[in-house]
Amino acid sequence: MANIELTSDAEKHTDLYVRAINSGDATAVNAMYTPEAVAAWEKGKPLTGREREVYVEEFLKLKPVMTATTRHAYVTGDTALLVVDWTMEIVHADGSKENGEGVGLDVLRRGEDGNWRYAIDDPYGESK
């Protein structure tokens, strides 16, 4: 697993997630989600549990490169809402590039260990 530890600071969660994605380490990425987390990486197709984990494993084989900045972080008790501006680029074997961008709405939950994990990951939460 990549040397990426979870954080007790909700505002640092996005930076750690970017590092985990860019490392290509599915174990590190999946550790950043609660077991019952919902991810809506494809519009209209929310994933949870093992289905979400497998999607991460397969997606990281494409070697995406991500950048992201937290625009807003709202924390109350053990729940946080992050508004995140992100971009992602994938270079395919034939040299063609695929780019994506959006404004995500991410709900985090603080675990018993004090660290934050995704409960809901919606990268297109504010996209047009």
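Select strand 1 (residues 33-39) together with strand 2 (47-48): the two pair in the antiparallel sense over two bridges. Strands count as paired if DSSP finds at least two bridges between them. Helices (H or I, at least four residues) and strands (E, at least two) are DSSP runs, numbered from the N terminus. Within this pair, Ala39 stands opposite Leu47 of strand 2.

This is a predicted model, in which local features need pLDDT of at least 70 and side-chain atom pairs count only at pLDDT 80 or more, while totals for chains, interfaces and linings use all residues. Residues are numbered from 1 along each chain as its sequence is written, and side-chain values use heavy atoms, with hydrogens and water left out.

**The sheet**

Widen the selection to the six strands. They form an open sheet in the order 2-1-6-5-4-3, with mixed pairing. Which strands stand at the edges? Strand 2 and strand 3 (65-76) do; each has a single partner strand, so one side of each is left without a neighbour in the sheet.

Now add helix 1 (residues 13-23), which packs on the sheet. Helix 1 touches strand 1, strand 3, strand 4 (79-91), strand 5 (97-110) and strand 6 (116-122), where contact means heavy atoms within 4.5 Å. The direction of helix 1 makes about 155 degrees with that of strand 3; the axes are lines fitted to C-alpha atoms, for helices over the stretch in contact, and angles run from 0 to 180 degrees between N-to-C directions.

**The hairpin of strands 3 and 4**

Move to strand 3 and strand 4, which run antiparallel and are joined by 11 bridges. Ala73 stands opposite Leu82 in strand 4. The two strands form a hairpin with two residues between them, and Gly77 in the turn has a positive phi of about 60 degrees.

From Gly77, go to Arg110, found in strand 5. Leaving aside neighbours within four places in sequence, Arg110 is in contact with Ser8, Gly77, Asp78, Asn115 and Trp116. Arg110 also lies 8.5 Å from Ala10, C-alpha to C-alpha, although the two are 100 residues apart in sequence. At 31% relative accessibility, Arg110 counts as partly exposed. The classes are buried under 20% relative accessible area, exposed over 50%, and partly exposed in between (1.4 Å probe, protein chains only).

**The core around Tyr17**

Select Tyr17, Val29, Tyr33 and Met66. These residues have the most contacts inside the largest nonpolar core, which has 28 residues. Such a core is a set of buried Ala, Val, Leu, Ile, Met, Phe, Trp, Tyr and Cys residues joined through side-chain atoms within 4.5 Å. The elements giving two or more residues to this core are helix 1, helix 2 (26-30), strand 1, helix 3, strand 3, strand 4 and strand 6.

What does Tyr17 contact, leaving aside its neighbours within four places in sequence? The list is Val29, Met32, Tyr33, Trp41, Met66, Tyr118 and Asp121.

**Aromatic rings**

Display the rings next. A search of the whole structure finds seven aromatic pairs. Rings of Phe, Tyr and Trp (its six-membered ring) pair if their centres lie within 6.5 Å; planes under 30 degrees apart count as stacked, over 60 as edge-to-face and the rest as tilted. One of the pairs is Tyr55 with Phe59, stacked at 6.3 Å centre to centre with 10 degrees between the planes. Both residues lie in helix 3 (residues 49-60), four residues apart, about one turn of the helix. Tyr55 is partly exposed at 24% relative accessibility, and Phe59 is partly exposed at 22%. Ring pairs link Tyr17, Tyr33, Trp41, Tyr55, Phe59 and Tyr118 into a cluster.

**Salt bridges**

Last, show the charged side chains. The whole structure has seven salt bridges, each defined as a side-chain nitrogen of Lys or Arg within 4 Å of a carboxyl oxygen of Asp or Glu.

- Stay on helix 3: Arg50 and Glu53 meet at 3.2 Å, N to O. They are three residues apart, and therefore separated by about one helical turn. Arg50 is partly exposed at 48%, as is Glu53 at 26%. Arg50, Glu53 and Glu57 are linked in a network of salt bridges.
- Select Glu42 and Lys45: their closest N and O atoms are 3.7 Å apart. Glu42 is partly exposed at 33%.
- Select Asp113 and Arg117: this salt bridge is 2.8 Å, N to O. Asp113 is partly exposed at 45%, whereas Arg117 counts as buried at 17%.
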